[in-house]
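Trainee: Could you take one part of this model and walk me through it slowly? I'd like to see how a single piece fits in with what surrounds it.

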Amino acid sequence: MGDYYDDKDLDRFGEVGKHSPDLFKKFIEWYSASLKEGVLSRREKVLIGLAVAHAVQCPYCIDAYTKNCLEEGLNLEHITEAVHVASAIRGGATLIHAVQAHNTVDRISM
Amino acid sequence: MEFAEALGKHGCPPLRASKVETLQVNIGYKCNMSCKHCHVQAGPSREEIMQPDTMKSVISALAGSGIKVLDITGGAPELNPHLKFLIEEARALGCHVMVRSNLTVYAETGMEDMPVFYRDHEIELVASLPYYRSDAVDRVRGEGVFEKSISALRVLNNLGFGIDHGGLKLDLVHNPQGMFFPPCQARMEEEYRRELDKRYGVSFSSLFTLTNMPLGRFRNFLVERNQLDRYMERLRNSFNPAAVEGVMCRSLINVGWDGTLYDCDFNQMLGLSLCGDIPKTIDEFDAALLSSREIAVSEHCFGCTAGQGSSCQGAAA
């Protein structure tokens, strides 16, 4: 198998809409609206996008949002701090589940 | 889609000059640096240098036409030994003179007096500083360039450049460090001002954000990365009719080191001649004919009209 992810495939995103155009149109409208400047600035939104892209480990989103960050004038320091936040939340989310394990131990132990 | 076709599709007329208020003169391709984004492909080995006779023709053109702004570019203009002559003559005519400077050249032997010369002749300096952090700048311009640039900015601030709105002008130029577009000019200016003051205690007048043009070394970079088509497609898709009005070719004429006239410095690098049957050298300069000339366009023009636009003075829209 060749490379599973090809960066050119991002340009083919629209093809996904062929088989359910109404749903895809709704998604695109919603996606575009959510990234418009609102109470949060465009810059804050692309940093959130970058952090989420790393948390869900989507190569397309990482490419796109890294570029978006640079086009907002952000640099590697901003980018790395944002990824640390995503990593910390992921790490914390794993660690907090230790409480569940502890609860299970309590529940099934004498 | 071709650029001329894009204009038509968006209801814009063919591109024509509206006036000639700036004479932009490229006095040579020699430079002490070889920046990765340079559309001129300037460097230490370039030999193309404007000679004094051509400079005299530039001065005659200024005197005869009444054009009041001389914009001197290169290469590093300071490496042309006749730069001071050109500036003195233009200032004697009462012209406002801008020099596009790379900042690091003042550290070269024999160049130490240039900042004082610029102050004494009230020059507006337009200096390249692609970002406010050393890693980003050195990556594009070479190791140690950022530190030299900051030293030069301190010298210029001490001489009165860029320290208040009424004083000598020192503008900085930001350009992306790769195949992406520049950020919002107003917001980036604010950020440069805050960060350069906080980190290095230096100040400047205005920030110009420029789009990287798909020419010269930046084009080579795109070709090497197999990204030229993608970058061009993005430029085309980002065409902004509102940026067309402010593109510099509409109010500027560009002069090559050998005296040939062009619509802009980018056309000069492509060897793209003026359109139509009009004089094409500085010796035959005719401001009236040039003021309404049709502008020669090609695919690189999408670089000046993408998004917020990009002119020699930064964002155009």
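Mentor: Sure, and let's start with one word we'll need: a residue counts as buried if 20 or more other C-beta atoms lie within 10 Å of its own, and as exposed if 12 or fewer do. Keep in mind that this is a predicted model.

The part I'd pick is helix 7 of chain B, residues 185-200. Try a quick check on its length to begin with. With 16 residues at 1.5 Å a residue, the helix should span 22 Å, and its end C-alpha atoms turn out to be 21 Å apart, so the two agree.

Now, which residues of helix 7 of chain B are buried? They are Gln185(B), Met188(B), Glu189(B), Tyr192(B) and Leu196(B). These residues cover an arc of only 105° around the axis, which means they sit on the same side of helix 7 of chain B. Turn to the other side of that helix and you'll find Arg194(B) and Lys198(B), which are exposed. Just past the end of helix 7 of chain B comes Gly201(B), with a positive phi of about 65°.

What do the buried residues of helix 7 of chain B pack against? Their partners are two strands of chain B, strand 5 (170-174) and strand 6 (207-209). Let's look at those strands next. Strand 5 of chain B is mostly covered, with four of its five residues buried. Strand 5 and strand 6 of chain B run parallel and are joined by three bridges. One pair you can look for is Val173(B), whose bridge partner in strand 6 of chain B is Phe208(B). Strand 5 of chain B also pairs with strand 4 (residues 124-128) of chain B, again in the parallel sense, over four bridges. There, Leu125(B) stands opposite Leu170(B) in strand 5 of chain B.

Zoom out a little and these strands belong to an open sheet of eight strands in chain B, in the order 6-5-4-3-2-1-7-8, with mixed pairing. The edges are strand 6 and strand 8 (261-262) of chain B, each of which pairs on one side only. So how does strand 8 of chain B pair with strand 7 (residues 252-255) of chain B, in the parallel or the antiparallel sense? It's antiparallel, over two bridges. In that pairing, Asn254(B) stands opposite Tyr262(B) in strand 8 of chain B.

Further inside the order, strand 1 (residues 22-26) and strand 2 (residues 69-73) of chain B pair in the parallel sense over five bridges. Asn26(B) has Thr73(B) as its bridge partner in strand 2 of chain B. Strand 2 of chain B is mostly covered too: four of its five residues are buried.

Back to our helix, because there's a second chain to think about. Nine residues of chain B are in contact with six residues of chain A. Helix 7 of chain B gives the largest share of chain B's side of that contact, three residues. Sorted by class, the side of chain B that touches chain A has six nonpolar, no polar and three charged residues.

And what is chain A made of? Five helices and zero strands. Its C-alpha trace spans about 60 × 40 × 35 Å along the principal axes. A compact globule of 110 residues would have a radius of gyration near 13 Å, but chain A has 19 Å. Buried residues make up 14% of the 110 residues in chain A.

You can repeat the length check on helix 3 (residues 59-71) of chain A. Its 13 residues should span 18 Å at 1.5 Å a residue, and the end C-alpha atoms are 18 Å apart, which agrees. The buried residues here are Tyr65(A), Thr66(A), Asn68(A), Cys69(A) and Leu70(A). While the buried residues of helix 7 of chain B pack against strands, those of helix 3 of chain A pack against helix 2 (42-55) and helix 4 (76-96) of chain A. After helix 3 of chain A comes Gly73(A), whose phi is positive, near 80°.

So, to pull the main part together: helix 7 of chain B has its buried residues on the same side, packed against strand 5 and strand 6 of chain B, and the helix gives three residues to the side of chain B that touches chain A.

Methods. Residues are numbered from 1 along each chain as its sequence is written. Chains are lettered from A and ligands numbered from 1 in the order in which they are written. This is a predicted model: local features need pLDDT of at least 70, side-chain atom pairs count only at pLDDT 80 or more; totals for chains, interfaces and linings use all residues. The expected span of a helix is 1.5 Å times one less than its number of residues. The arc is that of the directions from the helix axis to the C-beta atoms. Two residues are in contact if their C-beta atoms, placed from the backbone, lie within 7 Å. The radius of gyration is taken over C-alpha atoms; the globule rule is 2.2 Å times the number of residues to the power 0.38. Ala, Val, Leu, Ile, Met, Phe, Trp, Tyr, Cys and Pro count as nonpolar, Asp, Glu, Lys and Arg as charged, and the others, Gly among them, as polar. Two strands pair if DSSP finds at least two bridges between them.
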